[in-house]
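Subject: Structure handover

Hello,

Here is the structure I said I would pass on. My notes on what was found in it follow below.

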Amino acid sequence: MTYKKLLHNIQNQLSEANEDESPEMELQEYKQDFLEMNIGSLTAIMRHASSILKSLEEGDETVKENLTESWLQGKIAITEDYMRTIHDFVKYVPSDDDNTFAGDKPGLWDNIRKKKEKEGKNYRPAKPGDKDRPDPEAWKKAQ
C-alpha cells in the first residue's frame, strides 16, 4: 500500500469518528498529526536511502567516494541504531503499553544509588552470578 493510500484510509477512518469534538477526538486528531508526520519522515528516509543505494548500483563513483568519509560512518551508524529502535518499538511493543509515565519508575542507576546509600562504606558492586546483579538486558537499557 502506498503512503497516499494509507494516509487516505486513515483519514477516512478518523473522519467517520469525528462527529463530536470530545477530548478523545482531539487526542485522535493529535495522534493523526503525529502519524502523518512520522509516515512522511519514514517515507523520506526510505527514498533517500534508496537513492543512494541505486546510485551505488549504477556505479556512481562520486557517491562511492563520498561514502568513504569518516564522519559519515558515525552518522550512518547512529541512524541505523535509531531506525532499529524505532522498528522494534513500532513492531513489537503492544499498543496498550503506555510509556508516558515510565520516568516515574526507578531505574537501574536509582537502584544502585539506593544500595550505595544503604550499605555506605561496606558497598561492593554485585559480581556476576550474585542474585542482586542486574542482567545484561538491564545494563543495556540503562546505557
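**Notes on the model**

I78 sits in helix α4. With a relative accessible area of 47%, I78 is partly exposed, and this residue is a convenient way into the rest of the structure.

Please keep in mind that the model is predicted. The mean pLDDT of the chain is 81, and 83% of the residues score at least 70. Among the elements, helix α3 (residues 61–66) has the highest mean pLDDT, 95, while helix α1 (residues 3–17) has the lowest, 69.

**Overall make-up**

The chain holds six helices and zero strands, so its order from the N terminus is simply α-α-α-α-α-α. It has 143 residues, of which 10% count as buried. The exposed area of the chain is about 12,700 Å², and 55% of that comes from carbon and sulfur atoms. Of the contacts with a separation of 6 or more, 40% are between residues 24 or more positions apart.

**The nonpolar patch**

I78 is one of the residues in a nonpolar surface patch of about 670 Å². The others are L42, I45, Y82, I86, F89 and V90. Which helices supply at least two residues each? They are α2 (23–57) and α4 (70–92). The largest share, five residues, belongs to α4. I78 can be part of the patch because its relative accessible area is 47%, and a patch residue needs over 30%.

**Salt bridges**

How many salt bridges does a search of the whole structure find? There are two.

- R84 and E80 form one of them, with 3.0 Å from N to O. Both residues belong to helix α4 and are four residues apart, about one turn of the helix. In general, an α-helix has 3.6 residues a turn, so residues three or four places apart point the same way. R84 is partly exposed, at 42% relative accessibility, and E80 is also partly exposed, at 47%.
- K54 and E58 form a salt bridge as well, with 4.0 Å from N to O. E58 counts as exposed because its relative accessibility is 58%, and the cut-off for exposed is over 50%.

**Helix α2 and what follows it**

Helix α2 has 35 residues. From its first C-alpha to its last it reaches 51 Å, close to the 51 Å expected at 1.5 Å a residue. The buried residues in α2 are M25, Q32, I39, A44 and S55.

Is S55, in helix α2, buried or exposed? S55 counts as buried because its relative accessibility is 16%, and buried means under 20%. Leaving aside neighbours within four places in sequence, S55 is in contact with D60 and V63. Just after α2, G59 has a positive phi of about 85 degrees.

**In short**

The points to take away are the nonpolar patch, to which α2 and α4 each supply at least two residues, the two salt bridges, and the buried S55 with its contacts to D60 and V63. When looking at helix α1, remember that its mean pLDDT is 69, the lowest among the elements.

Regards

Notes:
Residues are numbered from 1 along each chain as its sequence is written. This is a predicted model: local features need pLDDT of at least 70, side-chain atom pairs count only at pLDDT 80 or more; totals for chains, interfaces and linings use all residues. Side-chain values use heavy atoms; hydrogens and water are left out. Buried means under 20% relative accessible area, exposed over 50%, partly exposed in between (1.4 Å probe, protein chains only). Contact means heavy atoms within 4.5 Å. Accessible areas come from the Shrake-Rupley method with a 1.4 Å probe; for residues, only the protein chains shown count as cover. pLDDT is the predictor's confidence in each residue, from 0 to 100. Patches are made of residues with over 30% relative accessible area and no salt bridge: like charges are joined within 9 Å, nonpolar side chains (Val, Leu, Ile, Met, Phe, Trp, Tyr) within 5 Å. A salt bridge is a side-chain nitrogen of Lys or Arg within 4 Å of a carboxyl oxygen of Asp or Glu. The expected span of a helix is 1.5 Å times one less than its number of residues.
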